[in-house]
Amino acid sequence: MDLTLSGKYEALQAEVRAFIREHGHKSPKVGGPRRDPDQKTRDWQKLLVEHGYAARTVPREYGGFGAQPDVLEAAVIADAFAEANVSQGLANQGISMLVPTLLEVGTEEQRRAYVGPTIRGDMFWCQGYSEPGSGSDLASVQTRAVLDGDEFVVNGQKIWTSSAHFADMMFLLCRTEPEMPKHAGLSYILLSMKTPGIEVRPLTTMTGRAEFNEVFFTDVRVPASQIVMSRGQGWHVANVTLKYERLYLGDANKMSVRLRKLVDLLQTTEIDGEKLMALPEYRDRLLRIQGEVMAWRAHQLRLRTEQADGVDSGVKRLIVKYGGTMLLWRMSALAVDAVGAAGLPYDPSETDDATAANLDYMFDIGMIIGGGSSNIQKNVIGERGLGLPREPKTQPAAAGGRA
Amino acid sequence: MRFGLTEEQRLFDDSLRAFLADRVPIETLRQQAQTGRGFDPAIWQGLCELGLPGLLVPESYGGAGLGVLDAALSAEALGHAAAPIPFAASAVMAPLAFANSASRDQQSEFLPRIAAGEMRVGMAFAGIGGQTGDATLTLQGNRLSGRVQGALDAGEATHLLVYLPDGRAALVEAGANGVSAQVRRSVDRTRPVTDLSFENAESAVLDAANDRMAAALRVVDAGRVMLAADTLGAAQYMLDQAVAWAKERVQFGRVIGSFQGVKHTLAEIVTMLEPCRAFVWHAAYAQDALPDEARLFACQVKAHVGDVGREASRMATEVHGGMGFTDLLGLHYWFKRCTFDRQMLGGPQRCREEAARLQGWKLAG
Ligand SMILES: Cc1cc2nc3c(=O)[nH]c(=O)nc-3n(C[C@H](O)[C@H](O)[C@H](O)COP(=O)(O)OP(=O)(O)OC[C@H]3O[C@@H](n4cnc5c(N)ncnc54)[C@H](O)[C@@H]3O)c2cc1C
């Protein structure tokens with residue numbers, strides 16, 4: 001154990017703080033709206049990548065900063081941004097899920113083509129997994145891709161596709177080998193959303209915003225080289241992505257940022273003329289949350305160290321999505337209770353504290369469901385993490401799950 | 001920079017756990033529970049050979065000169081075994097009390113004896129460290145009078161170290177004139193609580209720290225981290241047992257671990273418990289290396305792990321059904337370990353209150 005901020009870390013901390021002093025005013029609002037990122041957001045992202053404050057460990061040849069993984073460096077940077085309430089850059093399905101997937105299993109060409117533009121914020125991705133009949137039971141997807149010469153021809157429908165209405169690209173899970181058992185008949189394909197034959201229909205969510213979509217494919221032609229790994233290996237690739245998705249959804253840095261905001265909110269908000277922090281019911285809820293955040297932060301540092309050592313963290317990793325999203329929801333629930341009745345006016349296009357609290361409070365439920373619901377996470381933790389037996393199959397093709 | 005254990009720490013942990021697995025079978029726990037004095041001479045002897053009492057004693061005084069993190073790993077292993085021996089006070093808080101508050105002479109007189117395992121120290125606090133029950137201690141010169149309830153590790157202690165509300169500490173020999181100790185079996189039969197009373201007893205006063213209260217609180221904090229680590233170990237044991245049970249016990253023609261209700265209960269436990277391990281490490285490390293955050297870590301880890309331990313130990317008992325409730329499996333020893341750790345040195349409510357004050361979060365009125 002060595003967390004001393006000695007030598008190079010102090011220098012890094014000073015460097016990041018100086019960067020924030022000089023450039024901080026260019027940052028987009030922290031926890032800003034979840035929609036098509038504007039120019040300001042994209043410019044900020046490029047600046048961060050250039051300085052190595054985003055995509056820090058992505059190799060240089062793919063456009064990253066090429067630093068060795070170092071947990072404390074990452075923590076020093078995250079803390080400096082959080083304390084200054086400045087955006088830590090984009091976190092989205094491309095950067096947090098697709099990029100690590102390609103670095104793990106993509107071809108050299110795929111890495112060169114997609115990693116750089118994605119981390120710089122020039123290319124946005126959406127995740128084409130769920131279908132109307134295949135949610136938790138993801139391996140049952142029916143969208144078909146048929147090889148015709150050197151192209152796949154895709155037909156079918158996806159649903160709940162976040163960001164598809166502005167994404168440039170999609171990573172698609174589809175069926176290429178219908179004659180194979182369900183998990184073995186899948187492929188993972190990268191395609192442009194501009195390809196003819198794709199239709200995107202936004203779906204309005206409970207937040208009042210159109211955050212996700214239905215996507216229809218009619219004879220959509222995709223070069224065969226766009227497959228990641230090979231035909232029939234889509235389930236494996238999809239699970240690599242899910243691994244990163246689940247770590248991203250339970251991210252403890254997000255908890256730290258929110259904790260600071262909650263402290264601030266309770267210290268500045270009043271009810272009947274008294275500060276919330278001076279009232280035991282509010283203060284005690286915050287104290288409990290603080291303890292939980294400290295535990296998850298330490299856990300994340302431990303996981304990152306294991307990751308850097310190339311150790312598979314097993315059950316320690318599997319608990320992150322379920323535990324993290326539940327805690328984040330309890331945090332937004334406290335924020336909603338803090339803004340109180342004065343926070344009830346709601347216009348989803350606004351970005352004030354009260355709207356942000358209510359938006360998180362609803363959106364966090366989406367995070368609990370998306371990426372594999374809590375029940376599915378608990379199945380995975382129990383079966384893969386603790387080695388408990390699976391549910392007996394009721395019929396040959398019925399089991400499985402987004403696992 | 002890394003967040004994890006060193007090779008030496010892993011090796012030491014392995015040998016300690018192997019020793020405990022071998023030497024603390026359930027039969028031993030049952031025997032010990034009869035007396036409830038929290039001391040088994042044979043186990044103690046073996047732990048002394050492993051160097052446990054001297055972990056935190058500086059090398060110059062015959063110890064290993066290790067840190068609070070090393071001690072926390074041992075505390076976790078002892079909790080996992082529900083080992084009926086003194087540790088948190090005797091092997092951790094007492095050496096730290098000498099390091100923080102004793103004069104040079106006092107250190108060289110007592111620390112080598114602690115390291116050798118010939119001196120075992122029971123400890124109690126008056127007015128600090130979450131003291132409950134009676135406490136009326138006074139010092140006149142080096143003469144100690146009054147009483148204090150609920151001393152930790154005092155079942156078979158050779159010495160007693162008590163803290164006064166002003167942060168001074170007084171050391172007396174157990175059995176000396178004017179010292180009486182009433183050992184009481186606690187709900188946790190592996191560790192007693194002891195009521196102490198003193199009548200003009202001669203003591204060695206530990207009062208060499210620049211800031212005596214800060215020094216006293218550092219001792220309390222290290223103790224809190226140990227109790228959290230002990231709970232972590234005990235709750236982990238209960239989870240391991242519950243998982244094994246769920247893979248074996250058959251009802252409705254299936255092993256119960258294949259039922260989602262049971263599977264999800266176990267998933268809940270591991271989801272809350274596993275982050276506690278990193279939290280305990282971080283908090284223990286903070287005691288030696290992060291002085292600005294050490295107190296907050298100690299208060300929050302004691303509170304959080306105490307709450308998780310309560311939930312986890314209840315749920316793991318439930319997974320065992322009626323067997324969990326009986327004495328047949330002995331699972332209750334670990335449940336009670338969590339129960340004891342939670343209350344000793346301040347429960348979650350007390351610890352969070354201190355965490356709030358540390359951060360200047362004052363209540364109205
Ligand atoms: C905000 C949000 C964003 C999303 N973004 C995307 C995206 O970008 N791309 C994409 O492909 N998908 C996306 N999804 C879809 C998401 O992955 C699915 O909603 C999720 O996997 C659940 O599938 P379902 O909606 O069909 O629910 P169902 O599978 O029908 O589940 C309904 C309920 O039944 C429970 N259940 C189902 N099976 C089991 C079982 N075996 N054991 C116990 N309980 C079970 C579930 O836990 C859930 O509570 C998103 C979802 C949300 C909410």
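This is a short conversation about a predicted model and the contacts and pocket it contains.

User: Before we start, what are the ground rules for this model?

Analyst: Happy to help: the model is predicted, local features need pLDDT of at least 70, side-chain atom pairs count only at pLDDT 80 or more, and totals for chains, interfaces and linings use all residues. Residues are numbered from 1 along each chain as its sequence is written, chains are lettered from A and ligands numbered from 1 in the order in which they are written, and side-chain values use heavy atoms, with hydrogens and water left out.

User: Why is the link between B:Glu353 and A:Arg283 called a salt bridge?

Analyst: A salt bridge is a side-chain nitrogen of Lys or Arg within 4 Å of a carboxyl oxygen of Asp or Glu. The closest N and O atoms of B:Glu353 and A:Arg283 are 2.7 Å apart, so the pair meets that rule. Between chain A and chain B the count is seven salt bridges, and over all chains the structure holds 58.

User: What makes A:Asp70 and A:Lys8 a salt bridge?

Analyst: Their closest N and O atoms are 3.4 Å apart, so they pass the same 4 Å test. A:Asp70 sits in the loop between helix 2 (39–51) and helix 3 of chain A, while A:Lys8 belongs to helix 1, 62 residues apart. Helices here are DSSP runs (H or I, at least four residues), numbered from the N terminus.

User: How do you know that chain A and chain B touch?

Analyst: Contact means heavy atoms within 4.5 Å, and 49 residues of chain A are in contact with 43 residues of chain B. Together the chains bury about 4,400 Å², 65% of it on carbon and sulfur atoms; buried area is the accessible area (1.4 Å probe) that two parts lose on being put together, summed over both. A:Met1, A:Arg283 and A:Arg302 supply 18% of the area that chain A buries against chain B, more than any other three residues.

User: Why is the second largest pocket called a pocket?

Analyst: On a 1 Å grid over the protein atoms alone, a pocket is an open set of points where a 1.4 Å probe fits, with protein on both sides within 12 Å along at least five of seven lines; lining residues have an atom within 4 Å of a point. The second largest pocket has 26 lining residues, including A:Asp79 and B:Phe297. Helix 3 of chain A gives the largest share, six residues.

Terms used: Helix = DSSP H or I, 4+ residues; strand = E, 2+ residues; numbered from the N terminus.
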